[in-house]
Amino acid sequence: MAIAVAATVSVLAAVLCTAMVTDVPWLGLRLAPDGQGPAAVVAAVHPGSPAAQAGLRTGAHVVRVGGQPLSAADLLDTWPQVDAFLTRQTALRTALDAPRLVVRVRDAAGTERDVAIEPRATRPLDALPLAYWCQLLFGMIGCVTGTWLWALRRGDWGARAYAATGVRFLVFAYAAAVYSSRELALDGVVFR
């Protein structure tokens, strides 16, 4: 019975996480820090995505999104910059709600141009990275195996500690899945 409860909780939490990461306007970009400057670079454009339809290509440097400046720090949050990071994430997430988003990019020659993108209201499941699904799977395995051991040896303190670790594994793996699979921004409150 305990294993069934753990598996059910794991699956329901995975559904909640998936609802959170797909209920964000989607551009169809994978961004990476630009190793040569403060901007972000388009590492990949999802085929058929709003960004692909707008003509955005791999290698373009993203300078602004919806009037909000974008920096590599938006992709690499460090502890001294957490408050500024969360504020920028909230502003970027708010910008994504616009029906038409203007993204300023710079090409390899240094020429800047504005690209208008109409974000999809939600992110498709096939646009979620493999790492997202792996984190959900590992969190589920940790929770179920911890509960399984506890169910076999309920009076054993070691089994109880392992079960508690398994439940915590579910929590941190699922939280990491939501955070690390964001395309561009999550609301600062979600991060907290």
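This report covers one helix pair and the largest pocket of a predicted model.

**Helix 1 and helix 4**

Two packed helices are described by the angle between their axes and the distance between the axes. Helix 1 spans residues 2-22 and helix 4 spans residues 130-152; they pack at an angle of about 160°, and their axes lie 9 Å apart. Angles over 145 degrees count as roughly antiparallel, so helix 1 is roughly antiparallel to helix 4. The crossing of helix 1 past helix 4 is right-handed.

On the helix 1 side, the contact includes A2, I3, A6, A7 and S10, and further along V11, A14, C17, T18 and V21. These residues meet a set in helix 4 that includes Y132, W133, L136, M140 and C143, together with V144, T147, W148, W150 and A151. No charged residue takes part in the contact of helix 1 with helix 4.

**The largest pocket**

The largest pocket holds about 410 Å³ of space. Its lining consists of 20 residues, and L29, R30, R123, R182 and E183 are the ones nearest the pocket centre. At least two lining residues come from each of strand 1 (29-33), strand 2 (40-45) and helix 5 (157-180). Strand 1 gives the most, with 3 residues.

**Residue classes at the two sites**

| Site | Nonpolar | Polar | Charged |
|---|---|---|---|
| Contact of helix 1 with helix 4 | 17 residues | 3 residues | no residues |
| Lining of the largest pocket | 11 residues | 4 residues | 5 residues |

Notes:
Residues numbered from 1 in each chain as written. Predicted model: local features only at pLDDT ≥ 70, side-chain atom pairs only at ≥ 80, totals over all residues. Heavy atoms only, no water. Axes fitted to C-alpha atoms, helices over the stretch in contact; angles between N-to-C directions. Helix = DSSP H or I, 4+ residues; strand = E, 2+ residues; numbered from the N terminus. Parallel < 35°, antiparallel > 145°, perpendicular 65-115°, else oblique. Left-handed = near helix turned anticlockwise from the far one by under 90°. Contact = heavy atoms within 4.5 Å. Nonpolar A, V, L, I, M, F, W, Y, C, P; charged D, E, K, R; others polar. 1 Å grid on protein atoms, 1.4 Å probe; cavity = no way out; pocket = protein on both sides within 12 Å on 5 of 7 lines; lining within 4 Å. Points joined across faces, edges and corners; volume = space filled by probe spheres on them.
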